Amino acid sequence: MIDLSRLDLNGPEAPVERIETAQPLQLATTRYQNWRETSGYLPVGITVGRPRFVRYDYVSLSALAPHELMKGQFKGIDNIAIERKVYFERLRVYEAEILAALEELAHKYPEVPACLMCFEAVAEKGEECHRRWYAEWAGQRYGWDIPELAPPAGTGPARPKRPKPPEAPTLF
């Protein structure tokens, strides 16, 4: 359980203390819609719920899901700075569980890199998301490099709709 009462939500982000920890397996990130079997990455969902549109099997790593942002006082919040602080606190509190889960993936799927997935269109629309926050945090904390996979061809942003021509004036 995370005690969010001790967080200074109005102050600056707390610095992440650096420790040396070996990366148990190669990691990357992407959104559910962009993962392809041909990528060679094990799909790993890090969301609170299962997306209805996903028709492929994936491994779930619940410890990396932003549970605190989906319920209680932070449900529906629209403040990236606060969301980051709350999620970084989750990473700090559940660090051992997250590392153990990554170690377990490495043992269960040796020599297979894993791709951490959520919903946001980071590459296509520049959206903020917790998968990239974890990559940033792990980089600061452990020195790990966790890149965002490039979207596969054909998954770019939708073309804007053409504006409708103005309707002709009527006499009535």
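**Strands, cores, rings and charges: how each label is earned**

Q: What makes β2 and strand β4 a pair?
A: Strands count as paired if DSSP finds at least two bridges between them, and β2 and β4 (residues 114-118) have four bridges, in the parallel sense. P43 stands opposite C115 in β4. This is a predicted model, with local features needing pLDDT of at least 70 and side-chain atom pairs pLDDT 80 or more, while totals for chains, interfaces and linings use all residues. Residues are numbered from 1 along each chain as its sequence is written, and side-chain values use heavy atoms, leaving out hydrogens and water.

Q: How do you know that β2 also pairs with strand β3?
A: DSSP gives two bridges between β2 and β3 (residues 59-60), again in the parallel sense. G45 of β2 faces S60 in β3.

Q: Which way do the residues of strand β2 point, and are they buried or exposed?
A: L42 and V44 point one way, P43 and G45 the other, and all are buried. Buried means under 20% relative accessible area, exposed over 50%, and partly exposed in between (1.4 Å probe, protein chains only).

Q: What makes a group of residues here a nonpolar core, and how many residues has the largest?
A: Its members are buried Ala, Val, Leu, Ile, Met, Phe, Trp, Tyr and Cys residues joined through side-chain atoms within 4.5 Å. The largest such core has 35 residues, and those with the most contacts inside it are L64, L102, Y134 and W144. Helix α4 (130-142) gives the largest share, six residues. Beyond its neighbours within four places in sequence, L64 is in contact (heavy atoms within 4.5 Å) with residues including I46, Y87, L116 and Y134. A separate core of ten residues has A28, Y32, V54 and L149 among its members.

Q: Why is the ring pair of Y32 and Y58 called tilted?
A: Rings of Phe, Tyr and Trp (its six-membered ring) pair if their centres lie within 6.5 Å; planes under 30 degrees apart are stacked, over 60 edge-to-face and the rest tilted. With centres 5.4 Å apart and planes at 55°, Y32 and Y58 pair, and the pair is therefore tilted. Y32 lies in the loop between β1 and β2 and Y58 in the loop between β2 and β3, so the pair ties together parts 26 residues apart in sequence.

Q: What makes the F53 and F119 pair edge-to-face?
A: Its planes are at 70° and its centres 6.2 Å apart, which fits the edge-to-face class. F53 is partly exposed at 41% relative accessibility, and F119 is partly exposed at 34%. These two rings belong to a cluster with Y32, W35, Y56 and Y58.

Q: How do you know that R84 and E13 form a salt bridge?
A: The rule asks for a side-chain nitrogen of Lys or Arg within 4 Å of a carboxyl oxygen of Asp or Glu, and the N to O distance for R84 and E13 is 2.4 Å. R84 is in helix α1 and E13 in the segment before β1, so this bridge ties together parts 71 residues apart in sequence. E13, R84 and E136 are linked in a salt-bridge network.

Q: Why is R84 called buried, and E13 partly exposed?
A: R84 is called buried because its relative accessible area is 12%, whereas E13, at 31%, counts as partly exposed.
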